Amino acid sequence: MRNRAARPATGDDDGMVQFCTMVGARVLARATRGNPISEELLRAARTALTESGTGQSEPHRRTA
């Protein structure tokens, strides 16, 4: 996440979108903790980032 946070500083709009997607997904997942939608939010963001070629090939499982 730190590496991606540095991208917006380069003026790369795609980097800013990626960063906002990650932060937004984390905030929403935490706000809905304990509800199945929490994992769905993280999965959707992870899929969106990896399908665009910017995420990791193997998604990491969320820990508490």
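Here are some numbered notes on this predicted model, meant to be read with the structure open.

1. Start with the overall layout. The protein has three helices and zero strands, so if you follow the chain from start to end the pattern reads α-α-α. The helices are H1 (residues 2-6), H2 (residues 13-31) and H3 (residues 36-51).

2. Before going further, check how far to trust each part. The mean pLDDT of the protein is 77, and 61% of the residues reach 70 or more. Confidence is lowest in H1, with a mean of 60, and highest in H3, at 93. Keep that in mind when you look at H1.

3. Now the surface. Of the 64 residues, 19% count as buried. The accessible surface comes to about 4800 Å², and carbon and sulfur atoms account for 55% of that.

4. Helix H2 is a good place to practise a simple check. It has 19 residues, and at 1.5 Å a residue they should span 27 Å; the C-alpha atoms at its two ends are 27 Å apart, so the expected and modelled values agree. Its buried residues are Gly15, Gln18, Met22, Ala25 and Ala29. Looking down the axis of H2, you'd find these buried residues within an arc of 100°, which means they line one face of the helix. Turned away from that buried side are the exposed residues Asp13, Val17, Val27 and Ala31.

5. Why would buried residues spaced along a helix end up facing one way? An α-helix has 3.6 residues a turn, so residues three or four places apart point the same way. Try this idea by eye on the buried residues in H2.

6. Helix H3 passes a similar check. Its 16 residues reach 23 Å from the first C-alpha to the last, close to the 22 Å expected at 1.5 Å a residue. Buried here are Ser38, Leu42, Ala45 and Leu49. They cover an arc of only 65° around the axis, so they sit on the same side of H3. Pro36 and Glu51, on the other side of H3, are exposed.

7. Have a closer look at serine 38, in helix H3. Is serine 38 buried or exposed? Its relative accessibility is 2%, and because buried means under 20%, serine 38 counts as buried. What lies 2.9 Å from a polar atom of its side chain? That would be the backbone oxygen of alanine 29, and alanine 29 is one of the buried residues of H2.

8. Threonine 21 is another residue worth finding, this time in helix H2. With a relative accessible area of 27%, threonine 21 is partly exposed. Once you set aside its neighbours within four places in sequence, threonine 21 is in contact with Ala45 and Leu49, and both of those are among the buried residues of H3. Threonine 21 and alanine 48 are 27 residues apart in sequence, with their C-alpha atoms 8.8 Å apart in space.

9. Valine 23 also lies in H2. Its relative accessibility is 31%, so valine 23 counts as partly exposed. Measure from its C-alpha to that of alanine 45 in your viewer and you should get 9.8 Å, for a pair 22 residues apart in sequence.

10. Finally, a number for the whole fold. Take the contacts between residues at least 6 apart in sequence: 33% of them join residues at least 24 apart.

Terms used
Residues are numbered from 1 along each chain as its sequence is written. This is a predicted model: local features need pLDDT of at least 70, side-chain atom pairs count only at pLDDT 80 or more; totals for chains, interfaces and linings use all residues. Side-chain values use heavy atoms; hydrogens and water are left out. Helices (H or I, at least four residues) and strands (E, at least two) are DSSP runs, numbered from the N terminus. Buried means under 20% relative accessible area, exposed over 50%, partly exposed in between (1.4 Å probe, protein chains only). A polar contact is a pair of N or O atoms within 3.5 Å; within protein, one must be able to donate a hydrogen and the other to accept it, and residues adjacent in sequence count only if both atoms are side-chain atoms. Contact means heavy atoms within 4.5 Å. Accessible areas come from the Shrake-Rupley method with a 1.4 Å probe; for residues, only the protein chains shown count as cover. The expected span of a helix is 1.5 Å times one less than its number of residues. The arc is that of the directions from the helix axis to the C-beta atoms. pLDDT is the predictor's confidence in each residue, from 0 to 100.
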